[in-house]
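The following exercises are to be worked with the sequence and the three-dimensional model at hand. Each task is followed by a solution in steps.

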Amino acid sequence: MRNKMMDIAEAIRLVEPGSSVALGGATLRRKPMALARALAGSGTGDLDLWTWIGSLDVDLLIGAQLVRSVNSAYVGFGAFGLAQATRRAFVQGTVEFRDWSESSLVASFRAGASGLPIALTRALLGTSMAAEVAREIVSPFGGPPILAVPAARPDIALLHAQSADEFGNIRRHAPNVTDDIDHVIAAASRQVIVSVERIDSHQSIVEHRDETVIPGHYITAICVAPRGAHPTGCDGYYDPDGSHLAAYARASADPELLQSYLRDFVHGVAPDEYLRRVDADGGDTA
Amino acid sequence: MTEWSTNEMMAVALSPHLHDGEIGFIGVGSSGRAHELVTGIPLLAAHLARSRGVDFDIQIGPLIAPEIEAPPAGWLDNEIYGWDASALLTSDANMDGFLRGAVSVGFISGAQIDRWGNVNVSRVGGEGSWKRLGGALALPEHCAFAGRAILVCDLSTRTFVADVDYVTGFGHRRGDVRRSDLGLPGGGPALVVTDSALFDFGDEGMRLVALYPGVSPNDVENRMAFSPDTVATLAELPIPTDEELGQLRELRLPELPW
């Protein structure tokens, strides 16, 4: 087993311009925000994003003008409203959007994880999404028509987890939220960067091996990032930061405010400095 | 007679349509009115059905059969997923069950709904004027695979449109294409619960079947951009009984945090 520890700046240099980047978590929970901020600050562009259910991660990277396309079942801020930088990019045509449903995108990631070129789905039959991401095929074994969708095979995945050991064994422990597909995304991606709240000893991982959700040999880099999902939540560690989310939602709605948000919280702002600025702003988790 | 709210009337109207041995899929994570429509009202209706002895369970995404009568203290993820329940699946395993027909009832709403029950939560407008909403989430699965989908939605000419701009979830028909042509295994939209009336679906599409107390057919049609079919004998639902209101009010659902 190899030590996978890296700092965030070093790990994010693994993302090359023009690559496909998968983002883990879902809506306002366990989004890889520290990694997304580092990527947004790196200026690495022409990215094709893949996320099951996107929120600030996608919107921030679009706001930083680094995104070429987005594959997802949703991009929005849940209870905090619509993702406005994302909506502007859609209207202006600067980002290509390919919309999926939840199960069809799971199928696509699973196909990627099992080395298949396509997945089969019926979820998109009759929908407008079918024209964006699917092709109708006839089963060689008979039966009604079915849709084929391409397998998701991202160049690199960015995930946030509760803990891991230095070898990259990713642990999910109670209290936990399972409403994401991070383990499938990890298996489908060529490289995987995971930020974690804390490092566990390898002995502790061994003692709780049933809690290891992604084995270390799938992982490229582990980065320690306390509150690394902020302002989204991390199961058992902190809830979503309502006041910071509301502030981001306001910034997202106005291009100038968004640039000012990026200056204050993203460009040249290291993770520990980010948390100092958030706390000075009086975030819920301060 | 006790005063009742629109939400309580909607829950009372929905409740008899939830049956023994079924499980209903309820989503969380929306805000404001949408949260009341897709989360609050289905939970109230399920509680009311259970108060009458109907064995109706729910699932909140991958959280299976939570104790409806003891709701969480709040709607934050750590609170929702800490709700006492029979199972907390991973999302991919939960989707498998959905696709093979494990969900009896899907509760959904929409930015646009048409005569044939096609639902749009993705994009509105048209060539040159498209605007994005949030996205599909699992709405296509509700329409395609649930035993039946129940739409919970306030009447409005902006929402009840002749033809949706974009099909996020397939209803019963679009143009000449019908559900049977597509081989969709679920029942599709079966009931529309609004703030004024109930609809089902017949050969001519959406069909007005019952009015809430004091509502006229005209009140309903004036708030829709198409004329729905109407059953021969239109029911007027009774006002909620004191017993029903008492049962609804014992369920203390948390407020949204934001």
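**Exercise 1. A helix of chain B and its surroundings**

Determine which residues of helix α4 (residues 91-99) of chain B are buried, and what they pack against.

Step 1. The buried residues of this helix are B:Ser91, B:Asp92, B:Asn94, B:Met95, B:Phe98 and B:Leu99. A residue is buried if 20 or more other C-beta atoms lie within 10 Å of its own, exposed if 12 or fewer, and partly exposed in between, with C-beta atoms placed from the backbone. Helices (H or I, at least four residues) and strands (E, at least two) are DSSP runs, numbered from the N terminus.

Step 2. Around the axis these residues cover an arc of only 155 degrees, so they lie on the same side of α4(B). The arc is that of the directions from the helix axis to the C-beta atoms.

Step 3. The packing partners of these buried residues are α5 and α7 (182-188) of chain A, together with α5 (139-145) of chain B. Contact requires that the C-beta atoms of two residues, placed from the backbone, lie within 7 Å.

Step 4. Just after α4(B), B:Gly101 takes a positive phi of about 95 degrees.

The model is predicted: local features need pLDDT of at least 70, side-chain atom pairs count only at pLDDT 80 or more, and totals for chains, interfaces and linings use all residues. Residues are numbered from 1 along each chain as its sequence is written, while chains are lettered from A and ligands numbered from 1 in the order in which they are written.

**Exercise 2. Two faces of a helix**

Assign the residues of helix α8 (residues 242-250) of chain B to buried and exposed positions.

Step 1. B:Glu244, B:Leu245, B:Gln247 and B:Leu248 are buried. They line one face of the helix, because seen down the axis of α8(B) they fall within an arc of 160 degrees.

Step 2. The other side of α8(B) carries the exposed residues B:Asp242, B:Glu243, B:Gly246, B:Arg249 and B:Glu250.

Step 3. The buried residues of α8(B) pack against α1 (6-14) and α2 of chain B.

**Exercise 3. The nonpolar core**

Which residues have the most contacts inside the largest nonpolar core?

Step 1. A nonpolar core is a set of buried Ala, Val, Leu, Ile, Met, Phe, Trp, Tyr and Cys residues joined through C-beta atoms within 7 Å. The largest one has 163 residues, and A:Leu61, A:Ile193, A:Val194 and B:Val152 have the most contacts inside it.

Step 2. Helix α2 (residues 32-51) of chain B contributes the largest share of this core, 10 residues.

Step 3. Apart from neighbours within four places in sequence, the contacts of A:Ile193 include A:Ala11, A:Leu14, A:Leu35, A:Ile156 and A:Cys223.

**Exercise 4. The contact between the chains**

How many residues of chain A are in contact with chain B, and of which classes are they?

Step 1. In chain A, 47 residues are in contact with 43 residues of chain B.

Step 2. On the chain A side, α4 (84-92), α5 (102-113) and α9 (242-252) each supply at least two residues.

Step 3. That side has 22 nonpolar, 15 polar and 10 charged residues. Ala, Val, Leu, Ile, Met, Phe, Trp, Tyr, Cys and Pro count as nonpolar, Asp, Glu, Lys and Arg as charged, and the others, Gly among them, as polar.

Step 4. A:Ala247 is found in helix α9 of chain A. This residue is partly exposed, with 19 C-beta neighbours inside 10 Å.

Step 5. The model scores ipTM 0.96 and pTM 0.96.

**Exercise 5. The two chains as wholes**

Describe the secondary structure and the dimensions of each chain.

Step 1. Chain A has 11 helices and 12 strands. Its radius of gyration is 19 Å, close to the 19 Å that the globule rule gives for 286 residues, so chain A is as compact as a globular protein of that length. The radius is taken over C-alpha atoms, and the rule is 2.2 Å times the number of residues to the power 0.38.

Step 2. The C-alpha trace of chain A spans about 60 × 50 × 35 Å along its principal axes, and 57% of the 286 residues count as buried.

Step 3. Chain B has 8 helices and 16 strands. Its C-alpha trace spans about 45 × 45 × 35 Å along its principal axes, and buried residues make up 50% of its 258 residues.
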